[in-house]
Amino acid sequence: MAPPRVTTRKDNSKDNPALYEGDFFQLSSLPISIIIIFLMIFYWFVCYNVDVVPLHAMGPAGTFVSYLAKHHLKFLRLGFRFAVIAHLLEAGFAYRICRRMLFSRVTSFKWMVQTALVGFPSLGLLLRHRKQRELANKKTN
């Protein structure tokens, strides 16, 4: 009886630069996206329309947020503006990366909008794809 034949197959799918050509879009994690969008909306309500949010029904966290809104509203608004500016700068950076990777305008716009809403989780996906693309191109050159 012949010994069993062992074959090893190398998976070159990550090394194939053709996989990284053209457009690429990936949605960020849905639970994280929902949490970030919900918290940004909540943050806006706390800063600019605190009467709409039932903070008294949120227990100790609501009491803390109510204290912050009454005594440190200026800093809360400053933090909110900083968060919005950070998301917009990340979105612009994502658009620039997409255009440099020669994505279509539609795909670049999708990345920009997603990054403006979600922030770094979206930008992280794009940066990871760019790095994998650069590594695949280096291996072929």
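These questions and answers walk through a predicted model of one protein.

User: How many helices and how many strands does the protein have?
Analyst: Start at the N terminus and read along the chain. The elements run α-α-α-α-α. The count is therefore five helices and zero strands.

User: What share of the residues in the protein is buried?
Analyst: A residue is buried if its relative accessible area is under 20%. The protein has 141 residues. The buried share of them is 28%.

User: How are the rings of phenylalanine 25 and tryptophan 111 arranged: stacked, tilted or edge-to-face?
Analyst: The structure holds six aromatic pairs, and these two rings form one of them. Their centres are 5.2 Å apart and their planes stand at 70 degrees. Planes over 60 degrees apart count as edge-to-face. So the pair is edge-to-face.

User: How many residues apart in the chain are phenylalanine 25 and tryptophan 111?
Analyst: Phenylalanine 25 sits in the segment before α1, which covers 30-48. Tryptophan 111 belongs to helix α4, residues 105-118. The pair links distant parts of the chain, and the separation is 86 residues.

User: Is tryptophan 111 buried or exposed?
Analyst: Take its partner for contrast: phenylalanine 25 has 31% relative accessibility, so it counts as partly exposed. Tryptophan 111 has a relative accessible area of 0%. The cut-off for buried is under 20%. Tryptophan 111 is therefore buried.

User: Which residue lies over the face of phenylalanine 25?
Analyst: A charge sits over a ring if it is within 6 Å of the ring centre and within 35 degrees of the ring normal. Here the distance from the ring centre is 5.6 Å. The residue over the face of phenylalanine 25 is lysine 110.

User: What kind of aromatic pair do tryptophan 44 and tyrosine 48 form?
Analyst: Both lie in helix α1, four residues apart, so about one helical turn separates them. Their ring centres are 6.2 Å apart, with 40 degrees between the planes. That angle is neither under 30 nor over 60 degrees, so the pair is tilted.

User: Which residues form one aromatic cluster with Trp44 and Tyr48?
Analyst: Tryptophan 44 is partly exposed at 37% relative accessible area. Tyrosine 48 is partly exposed too, at 32%. The other members of their cluster are Tyr43, Phe45 and Phe80.

User: Which helix gives the most to the lining of the largest pocket?
Analyst: The largest pocket holds about 180 Å³ of space. Its lining includes Ile37, Met40, His87 and Leu117. α1, α3 (73-100) and α4 each supply at least two lining residues. With four residues, the top contributor is α3.

User: Leaving aside neighbours within four places in sequence, which residues is serine 33 in contact with?
Analyst: Serine 33 has its place in helix α1. Its relative accessible area is 9%, so serine 33 is buried. Contact means heavy atoms within 4.5 Å. Beyond its sequence neighbours, serine 33 touches Ser28 and Val118.

User: How far apart in space are arginine 105 and tyrosine 95, C-alpha to C-alpha?
Analyst: Arginine 105 lies in helix α4 and counts as exposed at 58% relative accessibility. Leaving aside neighbours within four places in sequence, arginine 105 is in contact with Tyr95 and Arg99. Arginine 105 and tyrosine 95 are 10 residues apart in sequence. In space, C-alpha to C-alpha, the distance is 8.9 Å.

Terms used
Residues numbered from 1 in each chain as written. Predicted model: local features only at pLDDT ≥ 70, side-chain atom pairs only at ≥ 80, totals over all residues. Heavy atoms only, no water. Phe/Tyr/Trp six-rings, centres within 6.5 Å; stacked < 30°, edge-to-face > 60°. Buried < 20%, exposed > 50% of the residue type's maximum accessible area, 1.4 Å probe, protein only. 1 Å grid on protein atoms, 1.4 Å probe; cavity = no way out; pocket = protein on both sides within 12 Å on 5 of 7 lines; lining within 4 Å. Points joined across faces, edges and corners; volume = space filled by probe spheres on them.
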